[in-house]
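Reader: I am new to protein structures and would love a guided tour of this one. Could you take my questions one at a time?

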Amino acid sequence: MVIVVVFIPELMGFYKNSLEVFKFCVNSLITANNGDYAITVVNNGSCPEVHDFISNYPAGGIDTVIHHSYNIGKIDAMIGAARGAREDIITLTDADILFMENWNWSTQE
């Protein structure tokens with residue numbers, strides 16, 4: 001399982017391009033997935049545009065979505081999502097990571 005926590009409170013100033021970066025992150029994670037892992041996205045109190053992007057993402061890409069109405073803190077958001085995981089391996093990642101093709105969380109043999 002891969003858990004991505006996103007907090008983008010607004011699309012101005014420091015966060016001006018954050019939604020586009022987050023879109024690259026999610027799309028690259030889904031493209032890199034060969035079916036080996038589930039994807040959970042945690043909206044940690046982001047602005048409505050981020051909420052809408054996550055909520056309207058096409059079926060088959062994101063397995064689980066968790067929405068918090070306000071920012072509960074990055075660690076609490078990650079731990080809360082990880083507690084519900086049933087997989088042996090959990091990857092926690094930020095919302096600005098680009099996943100490359102053939103990325104795999106498991107060890108290579």
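Author: Happy to help; below we go from the whole chain to its largest pocket and then to single residues, keeping in mind that this is a predicted model.

Reader: In what order do the helices and strands of the protein chain run from the N terminus on?

Author: Let's start with the pieces: the protein chain has three helices and four strands. Reading from the N terminus on, the order of these elements is β-α-β-α-β-α-β.

Reader: What radius of gyration does the protein chain have, and how does it relate to a globular protein of that length?

Author: The C-alpha atoms fill a box of roughly 45 × 25 × 25 Å along the principal axes. For 109 residues the globule rule gives 13 Å, and the chain's own value is close to that, so the chain is as compact as a globular protein of that length. The radius of gyration is 13 Å.

Reader: What share of the contacts with a separation of 6 or more joins residues 24 or more positions apart?

Author: Here we look at contacts in the protein chain whose partners have a separation of 6 or more in sequence. Among these, the share from residues 24 or more positions apart is 76%.

Reader: What percentage of the residues count as buried?

Author: A residue is called buried when its relative accessible area is under 20%. The protein chain as a whole exposes about 6600 Å², with carbon and sulfur atoms supplying 52% of that area. Of its 109 residues, the buried part is 38%.

Reader: Which element gives the most residues to the lining of the largest pocket?

Author: The largest pocket holds about 280 Å³ of space. It is lined by 16 residues, and those closest to its centre are Val5, Val6, Phe7, Ile8 and Ala95. Two elements give two or more residues to this lining, strand S1 (2–6) and helix H1 (18–32). With three residues, the element that gives the most is H1.

Reader: How many residues of each class are in that lining?

Author: Sorting the lining of the largest pocket by class gives three groups. The counts are nine nonpolar, four polar and three charged residues.

Reader: Is Ser28 buried or exposed?

Author: Ser28 lies in helix H1. Leaving out residues up to four places away in sequence, Ser28 touches Ile97, Leu98 and Phe99. Its relative accessible area is 10%, and the cut-off is under 20%, so Ser28 is buried.

Reader: And why does Glu20 count as partly exposed?

Author: Glu20 also lies in helix H1. Its C-alpha atom is separated by 9.5 Å from that of Asp96, 76 residues apart along the chain. The partly exposed class lies between 20% and 50%. Glu20 falls there because its relative accessibility is 43%.

Reader: Where does Asp88 lie, and is it buried or exposed?

Author: Asp88 lies in the loop between helix H3 (74–83) and strand S4 (91–93). Its C-alpha atom and that of Met1 are separated by 8.3 Å, although the two residues are 87 apart along the chain. The relative accessible area of Asp88 is 81%, and the exposed class is over 50%, so Asp88 is exposed.

Reader: How far apart in space are Glu101 and Ala32?

Author: Glu101 has its place in the segment after S4, and it is exposed, with a relative accessible area of 67%. In sequence, Glu101 and Ala32 are 69 residues apart. In space, C-alpha to C-alpha, the distance is 4.7 Å.

Terms used. Residues are numbered from 1 along each chain as its sequence is written. This is a predicted model: local features need pLDDT of at least 70, side-chain atom pairs count only at pLDDT 80 or more; totals for chains, interfaces and linings use all residues. Side-chain values use heavy atoms; hydrogens and water are left out. On a 1 Å grid over the protein atoms alone, a cavity is a set of points where a 1.4 Å probe fits but cannot get out, and a pocket is an open set with protein on both sides within 12 Å along at least five of seven lines; lining residues have an atom within 4 Å of a point. Grid points are joined across faces, edges and corners, and a volume is the space filled by probe spheres set on the points. Ala, Val, Leu, Ile, Met, Phe, Trp, Tyr, Cys and Pro count as nonpolar, Asp, Glu, Lys and Arg as charged, and the others, Gly among them, as polar. Buried means under 20% relative accessible area, exposed over 50%, partly exposed in between (1.4 Å probe, protein chains only). Contact means heavy atoms within 4.5 Å. The radius of gyration is taken over C-alpha atoms; the globule rule is 2.2 Å times the number of residues to the power 0.38. Accessible areas come from the Shrake-Rupley method with a 1.4 Å probe; for residues, only the protein chains shown count as cover.
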